[in-house]
Amino acid sequence: MTSRWRDLGLAGLGLVLLLLVPVFGAPPAIRDFIMFGMAYGLLAMSLNLLIGYTGLVSFGHAMFFAAGAYAFGLAMQSGKFSIPGAFVLAIGFTALMALIIGAICVRLNEIYFAFLTLAFQMLFYNIILGWVSFTGGDQGLMGGIPRPKFLGIDLADRTQLYVFCSVAFVACIAVLRQIVTSPFGYTLRMIRDNQERAAFLGINVTMVKLACFVMSACVAAVGGILLTLFVSGAYPNFGFWTTSGEAIFMILLGGSNVFLGPLVGTVILRLLNDITVTYTSHTELVLGIVILVLVLGLRKGPLDLLAERWENRRQAKAQAVRDAADKDAQTGRDA
Amino acid sequence: MDLDALLRCVGMTSCVVTQLTSGMIIGMLLFLIASGVTLIFGVLNVINFAHGSLYMIGAYAAWTFYQLTGSYFVSALGAAVAVGVLGVLFERVLMSKVYGSNVLMQLLVCYAVVLISDDLIKIIWGPVPLSMGMPPEFRLPPVRFMGGVIPPFYIFMILAAMAIGLLLWLVIGRTRFGSIVRAAAINGPMVSALGIRVNLYYAAVFGIGSALAGAAGALAAPVRSLTPGMGFSILIESFIVTVIGGMGSIVGAFAASIIIGLTRSFGSIGFPLFVDGVMFLIMALVLIFKPSGLFGRAHR
Amino acid sequence: MTSTESRRASRRQVLKGAGALAAAGLVGAPAISRAQTGAIKIGVPTILSGRVAILGQSSVGALKMSFDKLNAEGGINGRKIEMVVRDSKGAPQEAAKVTRDLINNDGCQIIIDAEASSAAFAVQEVIREVGVLCIHTNSETSSLTADPKLYVPTAFRTARQGIHDAIGGGDYAAKVAKAKGLKKWATCSPDYAYGRSNTGEFMEYAKYFDGNITVVEETWPKLFQPDYTEVVTKLLNAKADAMYSALWGGDLVAFIDQANLYALFEKQASFMVNLGDYGVVDQVKQFPQGVYSGGRYNRTVPPTPENEAWYQEYVKTQKSKPTNWSWENAVGAQFLIEALKKTNGDTNGKKLAEAIKGATIKTPFGDRGSITMRAEDNTTINYIIGYGLSLSKEPYISDFKMSPWEPILELEKQWKKKQGYAT
């Protein structure tokens, strides 16, 4: 129980820190960086629920990112929904989509699951591209996203948009944290570590995987909505396999075994991206070299490494304490 | 959707011949590339996401050698060998470090290599699309066969790809080298315990797989436009073929390439806007009903 | 994990997060607000990597040439122009973010948007919000300026407009069709917004000018598709008299190489609007005979000394040949420079927009030596439109016929009404 309150407290602290950014007069560039980071961060964090906690490697997660983005964008452009209404609609649509696709995919294991999610993602992408009259095809949703006021909040104002995104972001992270620290979350880890044993213990593995799939899809959809609000449009490459790939890199660069690892990975990748774009036209070369150095040098995500070293140091300390206690006991006996 | 056009075509021999050959053209090139992917996966249990880059380097190498020597055959051979050597280097220096890690680390390493090679190609050869042109040996009028039309270069390309595929199948199936490789695919440490330096064989397999990609690039160079990033498009298709055919099966790759080739060629008449969608649908169906692919063994 | 360890670990997480935010702060160094002194910074989002890298290279080349020349002459009242070029890799959301960063982070007061069409729409939304001056130099999609819903008062376009090209091209094609009896037409264009609208509009106006023209076959290869075999065989089967294609760049080179194998060009006349560009026309190895190309950029079109001088200057300074994108960017730069001279260096979006609206510049790329920025929809008119016969060597085009602008403008009005764009 205490850990839940602690987590919520930390979430609140995080939210306060985020909200202080515009208050302390940080330039809009930082706010833009953070908002971009929040959208992609949700994509990466939600994917890690599948990869890091359940052991389900999905190559097609970006389809839910795109689904949320397009559903929200189309709902707002139709003029028939308020922002909260469109928000709920987009998440609902994505949940339904995940339910259907997940029911087919979660029965497969490992690399086959990965390729099947990829196949579905590319099917979805081709539909977005092909249905030009509805989705705008390769040009995406043009003309901007209308932002009518709701509850006195006006999302056309960049500061209010930032606050809204921060709240949505922290709420989703808190939800993910609750999932991960709940008994359901430990069931996920059990499935990751030994699926057969979990089944023998009476767990309906397929159902659990499906539930996890749908939940992570919903969080990814929120990320898509945030990105749509930020760029005032939705584009097909939100659902292209390279976006799924980016999410995987964010997880790997940050660490898949620590809860906030993917978020750190998102920040690292976005920073790398922004810095290389600023200083060189050879963005691909620099990015590739940096990734190689990180991967071959570290072999794991930095947070994973730190967590491991922390764990080792803690165990070493605990061992030292035990050795000292043994020694005392020994000297005590000798005396 | 234009299914009447499709039915009409199937009724005419000339159309059937033309579309069959066009399907083979697409399919055989895909087969060369996919065979490399499936070989590397079958033996090393590694998905080489950088395979498209090897194809691209093969094409650019062939172009450069052709400018220097003027002989297409020398250039093609040279390109295949060059990319094979590059593949061995790539394996020894980078891929072997992530053999044991999970597939995502391998993906990351390959992606980094893709980025680097794309940019290096752009720096060395420039961003302007390059064209090799048809070598003079093949500047012949198209061959007429049962009313259909087939350019001579494509006949060469199909035969070359089939020959290479057959050679590969024989080497893996019938030679000592091949049996060691197959044994290493099943149980590497055991082969090593028999006193064989398994790492050399791993490197050789990667080299062969890469040379296949390089050969594909060299075969494609006269009829394609060379741009940095050209490896991208064939990468996804080669994975579709590998999955449908069965990962690790060369025969599967052959069958699946032909299926995809025919889907593309007949599909462009019957359902031109859904061809990509149909390909992914086939892949999805195979994964749902027979995940190990048409000819693959159940994945260990 | 016991509660103490997890508390420590999560404290670490919070610290990590704060550290990351601080690092982000290094990136977002506060933009020093430049008063109306100091260098004039112009942000240029474009594509510098991947398959379309040539777009960015030729756009930036032309811009650099124009601004270097201006700076050598003393700049604007002594203030030099500084370009800040960023690669968005063609992804629209990156283009939007890059544009915002250029304005917020790098202190750019003006944006020259050298993005391709889909990203141009994303940049347009940023400009709508921020209100700086923006010139789109590469996007040919008509709706960017034609659709009143997308209108932004400080955004202008100096790229050619699809509908103008289509009307001019259709007129030319109809004349050739009547002369040579080309009744049955086939099309082969990339399956995306540009390819579809360009081809659809061209055939519509070809049919308008010559009622005997019918479209018997349409093929839509995917953009960047490497293999055109099935498209070529379909075209062969169609047995058309003529073909139109909006393929461009490397795709067009590959298509021609592959179609040559089937001797496709011997069987029909071909109209390929994008063939005339350097980088394509001089790359095709087996050049087909009797192929017509639309006017892209060519040193002999128009055959004036000013054009030749610009070409020589570009080749000398940029070490490559200019493309269609190059002249469009040069025109954009010139409009901007003249507007800055009018406002005396004031970079305020509204003031610059007023100076550009309706302006006319003298330029070698204009129909009669000049190009005008039409006030009603912020897009250019009177640039060179036309078709000619493509050649395999210098000057790469012959018998170039310039399309007259009066009929183009008239038909454009009707087209706008039909699309529902009339204001």
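Buried area is the accessible area, taken with a 1.4 Å probe, that two parts lose on being put together, summed over both. The model is predicted, so that local features need pLDDT of at least 70 and side-chain atom pairs count only at pLDDT 80 or more, whereas totals for chains, interfaces and linings use all residues. Residues are numbered from 1 along each chain as its sequence is written, chains are lettered from A and ligands numbered from 1 in the order in which they are written, and side-chain values use heavy atoms, with hydrogens and water left out.

**Exercise 1. Describe the contact between chain A and chain B.**

Step 1: Contact means heavy atoms within 4.5 Å, and on this criterion chain A contributes 35 residues and chain B 37 residues.
Step 2: About 3,500 Å² is buried between chain A and chain B, with 85% of that area coming from carbon and sulfur atoms.
Step 3: On the side of chain A, the trio A:Tyr112, A:Phe115 and A:Glu284 supplies 19% of the area buried against chain B, more than any other three residues.

**Exercise 2. Place strand S3 of chain C among its partners and state which way its side chains point.**

Step 1: Strands (E, at least two residues) and helices (H or I, at least four) are DSSP runs, numbered from the N terminus, and two strands pair if DSSP finds at least two bridges between them.
Step 2: S3(C) pairs in the parallel sense with strand S1 (residues 40-46) of chain C over two bridges, and C:Ile42 stands opposite C:Ile110.
Step 3: S3(C) also runs parallel to strand S4 (residues 133-136) of chain C, to which four bridges join it, and here C:Asp113 stands opposite C:His136.
Step 4: From S3(C) the chain crosses through helix H4 (residues 117-130) of chain C to S4(C) in a right-handed β-α-β crossover, the term meaning that, with the strands pointing away from the viewer, the path from the first strand over the helix to the second runs clockwise.
Step 5: In a regular strand the side chains alternate between the two faces of the sheet. In S3 (residues 110-113) of chain C, C:Ile110 and C:Ile112 point one way while C:Ile111 and C:Asp113 point the other, and all are buried, a word that means under 20% relative accessible area, against over 50% for exposed and partly exposed in between (1.4 Å probe, protein chains only).

**Exercise 3. Describe how domain 1 and domain 2 of chain C meet, and where C:Gln161 stands.**

Step 1: The domain assignment, which is automatic or from a database, gives domain 1 as 2-161 + 305-381 and domain 2 as 163-298 + 385-419 in chain C.
Step 2: The centres of domain 1 and domain 2 of chain C, taken over C-alpha atoms, are separated by 31 Å, and 24 residues of domain 1 are in contact with 24 residues of domain 2.
Step 3: Between them, domain 1 and domain 2 of chain C bury about 2,100 Å², 51% of it on carbon and sulfur atoms, and in domain 1 C:Arg160, C:Gln161 and C:Asp367 lose the most area to domain 2, together 24% of what that side buries.
Step 4: C:Gln161 lies in the loop between strand S5 (155-157) and H6 of chain C, and C:Gln161 counts as buried because its relative accessibility is 0%.
Step 5: Leaving aside neighbours within four places in sequence, C:Gln161 is in contact with residues including C:Glu140, C:Arg374, C:Tyr383 and C:Glu412.
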